[in-house]
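Here are my notes on this one, in the order I'd walk through them with you. Have the viewer open as you read.

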Amino acid sequence: MKAIVRKYQTAVEETLREIGKDIDPPTRKATAMAVIANPFAGRYQEDLSLLMDIGEELGDILGRKAVAALGIEPPAAESYGKAAIVGSNGELEHAAAILHPKLGKPLRAAVEKGAALVPSVKKMGDLGTAIDVPLGHKDAAYVRSHFDGMEVRISDAPRADEIVVCVSVTDSGRPLPRVGGLTHADVEGKDGLR
Amino acid sequence: MTLTVHKKQTILEEVLHEGGPVATHPMLIAAAAAVVENPFAGRYVEAIEYFMDELKPLGMEMARALIEILGNDVTRIDGFGKGAIVGAAGELEHGALWHVPGGYAMRELLDDSKAIVPSTKKVGPVGTRLDIPITHINASYVRSHFNSFEVYVPGAPAADEMVLALVMSCGPRVHERVGGLKASEIKGEDGLR
């Protein structure tokens, strides 16, 4: 394995009641995180292909961890997202190298299909920095009920020479969606948009 | 008054190393948190003790969830802790209602758990973080197992909510090396040594 992992953390959030109304079945979302050593901390590195390979490894590991944490079969996943927090001796581009070139393919395998873009955010951060992972429907980005986010943080990461990589998967949309738009039931799932 | 649960959260952390040798078995820490309605928010209520009984099924459910997340092998679970965050319209004493239903649930399900369950609580706003103490389940003085885990639920507790949390762990701190009573030396008589 190319990534040197210090720790994994997997968070599951389940909403049972919102503004006095029962949510049945509850909405559920999971984020799997890895705290890894940044191989290029403290210097400028032109070729970021090692981080791209690490992204590929983590798309698989974190995608499977998130799906397992929800206790669902891969096709039951409904939305997803990804994010990275780079410690202060790194560079924002390090997050881009992990997230964008190769992480998506194994993540899509973990959620079985995933025609849509995986929404993402990235930032520089310090120990305990929180990040709001954006969520979008896995097969049709325009599904309005599934525009959402999940806030996560790890109290002791990222240290200066580390990167926190996050993959979020849900089996549902927002608890009480009622702002119209394309629905999960009407997804065609061909072009990743509708 | 019946218990109303707004949200549940679980977290599993697997620690492989912290700058030293990579552990053969990662140290595992799992936390379960429930965001519940505080039935006593906004006023002083003298008789609150009955609510502990209403929390008992939740304590059992959360303890079972932790055991499942940690691999369904209770023989590997050797650390525990608990805590509560009370929303702004509540009172610290409301958090104290969690001691019995949270602690007894874990001790009922874990073998050889004679030690007191360490705990902490506070009143705080949405997003408050709580450092939950962890100690060995059968002997509080086991130094390798003094630990803690930070818990928070984004968006909670609202003023009329409480966050109730349980924590279990498998194994000592990943690079423990400050001596003291070892897990292998526990007598297991008084919950302390």
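1. Start in chain B, at B:Phe146, which sits in the loop between strand E5 (130-136) and strand E6 (147-151). Bear in mind that this is a predicted model. Is B:Phe146 buried or partly exposed? It counts as partly exposed because 19 other C-beta atoms lie within 10 Å, and being buried takes 20 or more. Also have a look at B:Pro172: 26 residues separate it from B:Phe146 along the chain, yet the two C-alpha atoms are 8.0 Å apart.

2. Moving on to E6(B), the side chains alternate along the strand. B:Asn147, B:Phe149 and B:Val151 point to one face and are buried, whereas B:Ser148 and B:Glu150 point to the other and are not. E6(B) runs antiparallel to E5(B), with 5 bridges joining the two. B:Glu150 also turns up here, as the bridge partner of B:Asp131.

3. Which residues does B:Ala165 touch, leaving out those up to four places away in sequence? The list takes in B:Ala31, B:Ala32 and B:Ala33, then B:Lys82, B:Gly83 and B:Ala84, and finally B:Leu130, B:Ile132 and B:Val151. That last name is one of the buried residues of E6(B).

4. B:Ala165 belongs to the largest nonpolar core, which has 97 residues. Along with A:Ala34, A:Ala84, A:Ile98 and A:Val165, B:Ala165 touches the most other members. Strand E2 (residues 27-37) of chain B supplies the largest share of this core, 10 residues. There is also a second, separate core of 5 residues, with A:Ala116, A:Ala140, A:Ala141 and A:Val143 among them.

5. Helix H3 (residues 99-109) of chain B is worth a click too. Its buried residues are B:Pro101, B:Gly102, B:Gly103, B:Ala105 and B:Met106. What covers them includes helix H1 (51-69), strand E3 (79-86) and strand E7 (161-170) of chain B.

6. Now the interface. How many residues of each chain are in contact with the other? The count is 15 in chain A and 17 in chain B. On the chain A side, strand E1 (residues 5-18) gives the largest share, with 13 residues. By type, that side divides into 5 nonpolar, 4 polar and 6 charged residues.

7. The two E1 strands pair across the interface: E1(A) and strand E1 (residues 5-15) of chain B run antiparallel over 9 bridges. To check one of them, pick A:Val12, whose bridge partner in E1(B) is B:Thr10.

8. For chain A as a whole, there are 3 helices and 7 strands, in the order β-β-α-β-α-α-β-β-β-β along the sequence. Its C-alpha trace spans about 50 × 35 × 25 Å along the principal axes. The radius of gyration is 17 Å, which agrees with the value near 16 Å for a compact globule of 194 residues. Buried residues account for 52% of chain A. Among its contacts with a separation of 6 or more, 81% are between residues 24 or more positions apart.

9. Last, the confidence scores. Chain B averages a pLDDT of 96, and 99% of the residues score at least 70. For the complex, the predictor gives an ipTM of 0.85 and a pTM of 0.92.

Terms used:
Residues are numbered from 1 along each chain as its sequence is written. Chains are lettered from A and ligands numbered from 1 in the order in which they are written. This is a predicted model: local features need pLDDT of at least 70, side-chain atom pairs count only at pLDDT 80 or more; totals for chains, interfaces and linings use all residues. Helices (H or I, at least four residues) and strands (E, at least two) are DSSP runs, numbered from the N terminus. The radius of gyration is taken over C-alpha atoms; the globule rule is 2.2 Å times the number of residues to the power 0.38. A residue is buried if 20 or more other C-beta atoms lie within 10 Å of its own, exposed if 12 or fewer, and partly exposed in between; C-beta atoms are placed from the backbone. Two residues are in contact if their C-beta atoms, placed from the backbone, lie within 7 Å. A nonpolar core is a set of buried Ala, Val, Leu, Ile, Met, Phe, Trp, Tyr and Cys residues joined through C-beta atoms within 7 Å. Ala, Val, Leu, Ile, Met, Phe, Trp, Tyr, Cys and Pro count as nonpolar, Asp, Glu, Lys and Arg as charged, and the others, Gly among them, as polar. Two strands pair if DSSP finds at least two bridges between them. pLDDT is the predictor's confidence in each residue, from 0 to 100.
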